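Q: I'm new to this one, could you walk me through a couple of spots in it?
A: Gladly, let's have it in front of us first.
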Amino acid sequence: MKTTARVVVIGGGVVGASVLYHLAKAGWSDVLLIERDQLTSGSTWHAAGGMHTLNSDPNVAKLQAYTIELYEEIEALSGQSCGVHLTGGVMLAGTRERLDLLKAMHAKGRYLGMQTELISAREAAALMPLLDPKHFTGALFDPIEGHVDPYGVTHAYVKAARLKGAEVVLKNRVLELHQRPDATWDVVTEQGTVHTEHVVNAGGLWAREVGRMVGLELPVLAMEHQYLITEDMPEVLASPTELLHAIDFEAEIYLRQERGGMLLGTYERQGVPWSEKTTPWDFSTQLLPEDLERIAPSLEVGFEHFPAIGRAGIKRVINGPFTFAPDGNPLVGPVRNLPNYWCACAVMAGFSQGGGVGLALANWITEGDPGFDVWAMDVARYGPFATPGYTNAKVRENYSRRFRITFPNEELPAARPLKTTPIYDRLLAENAVMGVSYGQEHALWFAPAGTEPTEAVTFGRSNAHSHVAEECRAVREKAGLIEISNFAKYTIEGPAAEAWLCRILAGKIPAIGRIGLTPMLNDRGKLVGDFTLARLAQNRFLLTGSGIAETYHLRWFEQHLPKSGVTLKSATNTLQGLSIAGPMSRRILEDLSGEDLTTEAFPFLSIKPLELDLVPTITGRISYTGDLGYEIWTEAPYLGRLYRSLRRAGDPHGLKLFGARALNSLRLEKSFGSWAREYRPLYGPRAARLERFVDYRRGGFIGDAAAAAETPTHHLTTFTIHDTDIDVMGDEPIWQNDAVIGWVTSGGYAHHSRTSVALGYTRADHDPTRNVTIEILGLHRPATIAHEPLFDPAGQRLRG
């Protein structure tokens, strides 16, 4: 075994093999894969090998399409067959709600270029004759679906990588990882030590153990997963072509042809974790004891829906462990505070996603950027809240719901409440319906007193609709109060703070006592952040941004910190916040503070220390509602008194609590975007219409040249939607002249403007004078471009 390598990949499953191949393909031939046993000997060898392009996240769907297209390439390079069976598949709906979801998936596929087709149950039965159509209401056909040979795919990756100079060492367990002062690594193995620049954790079932070697507790857990293979079936043997794949959501099963019989698997509701604490190193090409009783409820329904399978004998039962992250998506990318340590873990759909994961990680390692938007897979979407107990609860929940509908307004209960603020119980006492973001509980809306604070899950408008309308009315006509503790907060101090901010942020650096809005860009000039920057003193700043991206942003900040002169700290858990907005908000704060807060004394985008009924605060004149408003920050022990004081002072002025649903409605009618929806690494500042916040003249910031040269192919656009009693959820196609010209990023009902609103990206060459339609659950709804914000287009309320 060699003693040095540029990259060491730990793990010889399909994901590790893909990473190895893509690194070698990128020209990094000095790469080494180390496997504790044989290739595929973790989860890969017993996988069913299914592959598909559809995914709830369109960017992951693109990577899945890439993975499937890649098989032809690696077969040709390696001479190793991948055993590709591209049969097509049907996803079967048994309820109206499930059919609505299939309509949404089909619509999403329109702008991704997928050739899916909505078909009737009888048409599905003609394609897949084993099913009984009377149990279904419709189906979605996808021609790009099938299965592969797990052994063949893994060895094709490895053979192709070896032809490009990569090396593989088998039967060699990694024992320890040690980082040197120069951020390189010593990989200690049974056969010796390898010194390397980069380490990739593709450990699969052993990803936790490889993480623990560096003090990292990854949010990953293995679940037992069972599928069965039937005896040969006359119906299968008689078929002139290979039978399609099928997913039966009501039975919670998937199935495909396996030689002369059928393979049938299930994600049962009573899923069982495997090896919850540690994974034994001597576990290899082994299976777990079968437990058909546990999956019997699904099998019973499945046999009713597919009668011929119910009549067939069972040849074999496979029960093996697969790893999952809490949300079911992979964990990919660099790890904060661990330079040159990379993750490629929890890829449970390895034959759909493995190629895309390998491409993204290889790009990231060799070029410093994945090359496309991988937010849904980024390991940084989890923070310290994702403890082993949290992971266990959420993985169980996710596994049990894999074939169930999660509605756009649904909040799942596992591992909650976890993070709460000092006013959490007070909000519950006000009948708050709570949501969760990055582990943090926050109010979504407030149910009337004496009613149950619950929300009916739906694709349409729920029982919250009229109550959210009242919250919006209070903000626009009087005043509203919302907790904003779930924002991410950072303090930046030191003699080099301003110079560093000029480098890391694209916007202007504000003067003392002032606030600025600023994007943050990567080297390609794409958005990796959207912040509010406040200057509290000459060398002291407060930065606020999206709560869900805190670890993501901390990783970026710390990767670019100078060795001295700047101190960066997260203040998210110590600095809590309330926002008050509406025409009476100034009067309420003046009554509570005794200070003059008129526009002349405290103009828009100002910030200062403000004592509010004994409570020391930092108060900024800014509001995401687009109305006159303030963001008020204080340390956690003061939050309870601040809340009580604002409520008391606000009562005479009609102050009302409002939640995130109302905030979303209010920001939509101002055409304000949000992180991970309108603002993400797919888009540059001009495309996102944020160019007014970029200091192009100053330059010197990361991505300045790319931003200056940006010529967008798409632009962020606001639409009002007509003749609809249902609002967009996100990812709907936007049509003009019978062609898809863009996609929706977010939307909802703008209660004050009394219209349904969608934000989305449309082609720069579309005709702005002609109306469009937006496809919502299979129906084309007419929409009109809003060329200015629906509320206060001149910003008089915001600035007045």
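A: What follows is a short chat about one strand with its partners and then about a pair of helices, all in a predicted model.

Q: Let's start with strand β34, are its residues buried or exposed?
A: In β34, which covers residues 733-736, Pro733 and Trp735 lie on one side, Ile734 and Gln736 lie on the other, and all of these are buried, so that both faces of the strand are covered.

Q: Why do they split between two sides like that?
A: In a regular strand, side chains alternate between the two faces of the sheet.

Q: And which strands does β34 pair with?
A: One of them is β35 (residues 739-750), joined to β34 by four bridges in the antiparallel sense, and Pro733 stands opposite Trp743 there. Another is β37 (residues 772-776), which is also antiparallel to β34 but over two bridges, with Trp735 facing Thr773.

Q: What sits between β34 and β35?
A: Two residues separate them in a hairpin, and Asn737 in the turn has a positive phi of about 55°.

Q: Switching topic, how do helices α2 and α10 cross?
A: The axes of α2 (residues 58-78) and α10 (residues 350-367) come within 7 Å and cross at roughly 100°, which means that α2 is roughly perpendicular to α10.

Q: Which residues meet there?
A: From α2 they include Val60, Leu63, Tyr66 and Leu70, while from α10 they include Phe351, Gly355 and Leu359.

Q: What classes of residue make up that contact?
A: Between α2 and α10 there are seven nonpolar and seven polar residues, with no charged ones.

Key
Residues are numbered from 1 along each chain as its sequence is written. This is a predicted model: local features need pLDDT of at least 70, side-chain atom pairs count only at pLDDT 80 or more; totals for chains, interfaces and linings use all residues. Side-chain values use heavy atoms; hydrogens and water are left out. Buried means under 20% relative accessible area, exposed over 50%, partly exposed in between (1.4 Å probe, protein chains only). Two strands pair if DSSP finds at least two bridges between them. Axes are lines fitted to C-alpha atoms, for helices over the stretch in contact, and angles run from 0 to 180 degrees between N-to-C directions. Angles under 35 degrees count as roughly parallel, over 145 as roughly antiparallel, 65 to 115 as roughly perpendicular and the rest as oblique. Contact means heavy atoms within 4.5 Å. Ala, Val, Leu, Ile, Met, Phe, Trp, Tyr, Cys and Pro count as nonpolar, Asp, Glu, Lys and Arg as charged, and the others, Gly among them, as polar.
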